[in-house]
Amino acid sequence: MELKGIYFAGGCFWGVEHFFKGVTGVISTTPGYANGRFANPTYEQVYKDDTGFAETVRVEYNPAAVSLETLCRLFFMIIDPLSLNKQGEDCGTRYRTGVYYSSKADLPALEAAFAAEAERLGADPVTELGPLQCFYSAEEYHQDYLDKNPSGYCHLSLKTFAYLRVFEKVRMYLAEETDSVARMAEIAAIVHEGMKFFWTGFYRVAEESAAAGKHTDAGRPQLVLGPFQGPPACLRIGYGRGVCGTAWKEARTIVVPDVEQFPGHIACSSASKSEIVVPVFGPDGRVIAVLDIDSDRLATFDSEDAKWLELIVSL
Ligand code: SME
């Protein structure tokens, strides 16, 4: 097994290290200081913020178990790539974001990951991409900090770690399966169980239009219920109807904090209070299904759910 290494600066290294320890294929993680102006810095020196060093985690991984592309996509999930020298509450150049490589052969994959992120954001990340100039391991008490201090400070949320576990399960369970219904069924079950939602499922774009004469949607395209977890649900939804039909029509994720406030919301269950619908794109870029998740509490979903669920359905 030939291991590889990559260096991620993503704000406070305690949380970044803890996050990457949860990725299958990551063999070791080392928080430290990268790309500063002198040798063997201490935490106190770096903290002064005039040394050029960035809090950075060296991630050593087995490329047969996790690709550099996946690591980089996961890295972008835990940073705000448009925020300069500030991640969460942590400010300063030592908390700048960056990906530093020790092998130039990694550059094309990293450039592709940065380009994909720029497209997703509609703007260029301020995250640095460049060669590693130097790296010094942080002091022993910073190593595995959140394992040693489980209630210690972490700028990443519990939701982030829950979604990482879901993502990892989906990545492992689906690795060998090509059947799309089986994949949707497994994703629905993993997301539902992992995040404890009220209703989690897919509506697929139906091959045939609504039956003639049956109702007002006659002859129009429809969504049809696919694999799901939770109480029984509506079988079919028209194009542009409800949250699902709107997400399909507009080909974008829709977050609804209060279903009562969404014009045309289709209430399959009166217990559903808030909702998120994420489109699933086929290889030709057209919407082939939507992932619909309902909560029995108001305002359950935000941009973090949107970002993770978009990543999960892209698998
Ligand atoms: N509320 C959805 C319908 C599907 S159920 O939530 C499962 C909508 O308005 O599209």
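**Close-up 1. Where α3 meets α9.** In this predicted model, Arg73, Leu74, Phe76 and Met77 of α3 touch Lys307, Trp308, Leu311 and Ser314 of α9. Sort the residues of this contact by type and you get five nonpolar, one polar and two charged.

**Close-up 2. How α3 and α9 are set against each other.** Here are the two helices again, this time with an eye on their axes. The axes of α3 and α9 lie 10 Å apart, and the helices pack at an angle of about 160 degrees. Angles over 145 degrees count as roughly antiparallel, so that is the word for how α3 and α9 run relative to each other. As for handedness, the crossing of α3 and α9 is right-handed.

**Close-up 3. The largest pocket and the residues at its heart.** Now for some empty space: the largest pocket has a volume of about 990 Å³. Its lining is made up of 38 residues. Looking for the ones nearest the centre of the largest pocket? They are Phe281, Glu310, Val313, Ser314 and Leu315. Ser314 may ring a bell, as this residue of α9 also takes part in the contact with α3.

**Close-up 4. Who builds the lining of the largest pocket.** Helices and strands both chip in: α3 (68–77), α4 (107–121), α7 (180–195), β9 (199–205), β13 (274–281), β14 (287–295) and α9 (303–314) each give at least two residues to the lining. Which of them has the largest share? That would be α4, with seven residues. By type, the lining of the largest pocket splits into 24 nonpolar, three polar and 11 charged residues.

Conventions:
Residues are numbered from 1 along each chain as its sequence is written. This is a predicted model: local features need pLDDT of at least 70, side-chain atom pairs count only at pLDDT 80 or more; totals for chains, interfaces and linings use all residues. Side-chain values use heavy atoms; hydrogens and water are left out. On a 1 Å grid over the protein atoms alone, a cavity is a set of points where a 1.4 Å probe fits but cannot get out, and a pocket is an open set with protein on both sides within 12 Å along at least five of seven lines; lining residues have an atom within 4 Å of a point. Grid points are joined across faces, edges and corners, and a volume is the space filled by probe spheres set on the points. Helices (H or I, at least four residues) and strands (E, at least two) are DSSP runs, numbered from the N terminus. Ala, Val, Leu, Ile, Met, Phe, Trp, Tyr, Cys and Pro count as nonpolar, Asp, Glu, Lys and Arg as charged, and the others, Gly among them, as polar. Axes are lines fitted to C-alpha atoms, for helices over the stretch in contact, and angles run from 0 to 180 degrees between N-to-C directions. Angles under 35 degrees count as roughly parallel, over 145 as roughly antiparallel, 65 to 115 as roughly perpendicular and the rest as oblique. A crossing is left-handed if the near helix is turned anticlockwise from the far one by less than a right angle, and right-handed if clockwise. Contact means heavy atoms within 4.5 Å.
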